[in-house]
Amino acid sequence: GIEPRLAHAQAQVRESPGPLVRQVRECVRVEANQLAQRAGPVDTTREQLFFDPDPSSLRGTAVGTGFAFLGIGTMARGTDAVTTPEGGNVMTNRGIRSIARWPRFAGWIGLVALCATTARGVTIDFVNVGNAGNTGQTLTYANGGALTFGTVNYGYQIGKYEVTIGQYAEFLNAVAKSDPNGLWTTQLSTDLNIAGISRSGSDGAYVYTVLGPSGITPAGAASPGNRPITYVSWFDAARFTNWMANGQPTGAQTAATTENGAYNLVGISTTFAPPRNSINPNTNATPTFFIPTEDEWYKAAFYKGGSTNAGYWTYATQSDATPGNTIGAAANQANYYGVFTPGQEGYAVTHSSSYSSSQNYLTDVGAFSGSQSAYGTFDQSGNVWEWNDYTGTASTSSRGLRGGFWGNGTDAANL
């Protein structure tokens with residue numbers, strides 16, 4: 001799960017057809033063309049990323065500071081870097097692996113009724129985000145441009161945790177006996193850094209099984225199903241959201257299950273992510289779940305709460321100080337690659353700077369139990385990148401990511 005601020009390097013990634021990346025959660029963001037024009041380092045400390053919603057190779061522009069640019073390559077599903085036309089890699093060193101915190105409940109009142117009538121087993125824990133009409137945070141760029149994030153003029157609920165492996169496996173077993181839309185990918189079982197979910201059987205009778213973590217498994221990183229799901233495209237996230245909005249039905253991937261609801265994906269190209277539906281055609285009512293907009297995500301992560309002019313924390317741990325990365329109940333901790341704090345160097349799960357392809361690096365959602373945001377969300381700084389839905393109103397070729405992941409340093413942990 002994941003996400004933090006501006007003074008931030010921006011990367012806009014233009015789309016290429018095909019499936020997606022690794023370490024994303026649930027983000028979408030502001031205008032790509034504005035961001036791509038910025039040259040030079042930024043003045044603040046947050047980064048903004050725009051990604052093609054479902055690319056097999058992600059190519060884009062990246063300027064400013066915050067990431068190491070280390071060479072040239074293409075970003076295929078399961079590779080380690082997003083390449084830029086300038087010849088730099090963004091989020092290198094196994095940098096993109098997950099997506100989480102997808103569903104955002106559309107209102108506070110209907111939640112109880114929805115949960116009470118759900119036929120299947122996925123329950124999303126929500127937190128209330130109040131202080132409607134709050135002041136946003138304006139981030140200034142070195143070229144003189146500025147963008148404002150975090151203003152939301154209504155109360156809403158957002159997932160307390162990232163969407164988990166166990167929840168996604170439930171989804172797959174409900175709608176992916178055949179899987180024409182590729183909701184599961186092989187890397188979910190073979191990439192031991194984030195595995196995952198295995199698949200057995202044949203088309204029409206696929207069965208999905210949760211896999212336990214590999215390597216060192218300390219408390220807080222040992223659960224098979226309570227770690228965040230990874231290797232999910234924006235379209236996978238939208239289909240999960242449709243399924244939730246439709247009451248978690250069982251059956252083929254049709255308009256009644258995954259292809260319509262909160263988002264109309266019927267016959268859609270993977271070139272453009274669609275806007276939100278105002279009415280779910282399966283219920284003739286307002287959709288109950290959405291992928292969070294960028295402002296909804298940003299406010300839940302960084303806003304201090306308590307009033308409409310409270311200001312913003314640097315990290316989604318209610319702190320302006322660099323977090324530690326020790327799993328447990330201590331305050332201001334997160335799953336990211338630590339560099340400067342003695343005893344917390346390296347990866348949070350192993351506290352070693354040595355990388356292993358056979359080691360799980362995901363932590364259980366909420367494992368940093370003393371490090372929630374002001375509204376009570378967990379892991380919006382670190383663990384895995386998260387998708388957002390930008391404004392939720394336009395069909396565009398970009399959607400956003402925020403929050404950083406287990407292999408990033410603090411530059412990404414406060415995106």
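Student: What share of the contacts with a separation of 6 or more comes from residues 24 or more positions apart?

Tutor: A good place to begin! In this predicted model, residues 24 or more positions apart account for 71% of those contacts. For a case on a smaller scale, take Phe-149 and Thr-138: they sit 11 residues apart along the chain, and their C-alpha atoms are separated by 6.5 Å. Another pair is Gln-187 and Ile-197, 10 residues apart in sequence and 8.9 Å apart in space, C-alpha to C-alpha.

Student: How many helices and strands does the chain have?

Tutor: The secondary structure comes to seven helices and 15 strands. Buried residues make up 58% of the 415 residues in the chain.

Student: Where does pLDDT stay under 50?

Tutor: There are two stretches to look for. One is residues 54-99, for which the model has 199 contacts beyond four places in sequence. Another is residues 102-119, with 55 such contacts. Where pLDDT is low, the predicted coordinates should not be read in detail. For the chain as a whole, the average pLDDT is 76, and 69% of the residues score at least 70.

Student: How do I decide on a label for one residue? Is Phe-149 buried or exposed?

Tutor: Compare the relative accessibility with a cut-off: buried means under 20%. Phe-149 has 1%, so this residue counts as buried. You will find Phe-149 in strand S9, residues 146-149. Now try Gln-187, in helix H4. At 18% relative accessibility, Gln-187 also falls under the cut-off and therefore counts as buried.

Student: Which residues touch the most other members of the largest nonpolar core?

Tutor: Those are Tyr-168 and Ile-197, in a core of 46 residues. Helix H3 (165-175), helix H5 (234-245) and strand S13 (289-290) are the elements that give two or more residues to this core. Apart from it lies another core, of 18 residues. Our earlier example Phe-149 belongs to that other core, and so do Leu-147, Tyr-298 and Phe-302, among others.

Student: Let's look at H3, then. How many of its 11 residues are buried?

Tutor: Eight of them, so H3 is largely enclosed by the rest of the structure. You can pick them out one by one: Ile-165, Gln-167, Tyr-168, Ala-169, Phe-171, Leu-172, Ala-174 and Val-175. These buried residues pack against S11, strand S12 (207-210) and H5.

Student: How do I describe the way two helices meet? At roughly what angle do the axes of H3 and H5 cross?

Tutor: Ask about the distance between the axes and then about the angle. The axes of H3 and H5 come within 11 Å and cross at roughly 75 degrees. An angle of 65 to 115 degrees counts as roughly perpendicular, so that is the description for H3 and H5. From H3, the contact is made by Gln-167, Tyr-168, Glu-170, Phe-171, Ala-174 and Val-175. From H5, the partners are Asp-236, Arg-239, Phe-240 and Trp-243. Sorted by class, this contact has six nonpolar, one polar and three charged residues.

Student: How many of the nine residues of H6 are buried?

Tutor: Eight, and H6 is mostly covered. The buried residues of H6 are Glu-294, Glu-296, Trp-297, Tyr-298, Lys-299, Ala-300, Ala-301 and Phe-302. Two names here may ring a bell: Tyr-298 and Phe-302 are among the members of the 18-residue core.

Student: What about the backbone itself? Which residues does a cis peptide bond join?

Tutor: Look at omega for this one. A cis peptide bond joins Ala-195 and Gly-196, with omega at about -20 degrees. Gly-196 lies in the loop between helix H4 (187-190) and strand S11 (197-200).

Student: And phi? Which residues have a positive phi without being glycine?

Tutor: Two examples are His-351, with phi near 50 degrees, and Asp-379, with phi of about 65 degrees. His-351 is found in the loop between helix H6 (294-302) and strand S14 (386-388), and Asp-379 has its place in the loop between H6 and S14 too.

Student: What does accessibility say about these two residues?

Tutor: Use the labels again. His-351 has 32% relative accessibility, so it counts as partly exposed. Asp-379, with a relative accessible area of 7%, is buried.

Conventions: Residues are numbered from 1 along each chain as its sequence is written. This is a predicted model: local features need pLDDT of at least 70, side-chain atom pairs count only at pLDDT 80 or more; totals for chains, interfaces and linings use all residues. Side-chain values use heavy atoms; hydrogens and water are left out. Helices (H or I, at least four residues) and strands (E, at least two) are DSSP runs, numbered from the N terminus. Buried means under 20% relative accessible area, exposed over 50%, partly exposed in between (1.4 Å probe, protein chains only). pLDDT is the predictor's confidence in each residue, from 0 to 100. Contact means heavy atoms within 4.5 Å. A nonpolar core is a set of buried Ala, Val, Leu, Ile, Met, Phe, Trp, Tyr and Cys residues joined through side-chain atoms within 4.5 Å. Axes are lines fitted to C-alpha atoms, for helices over the stretch in contact, and angles run from 0 to 180 degrees between N-to-C directions. Angles under 35 degrees count as roughly parallel, over 145 as roughly antiparallel, 65 to 115 as roughly perpendicular and the rest as oblique. Ala, Val, Leu, Ile, Met, Phe, Trp, Tyr, Cys and Pro count as nonpolar, Asp, Glu, Lys and Arg as charged, and the others, Gly among them, as polar.
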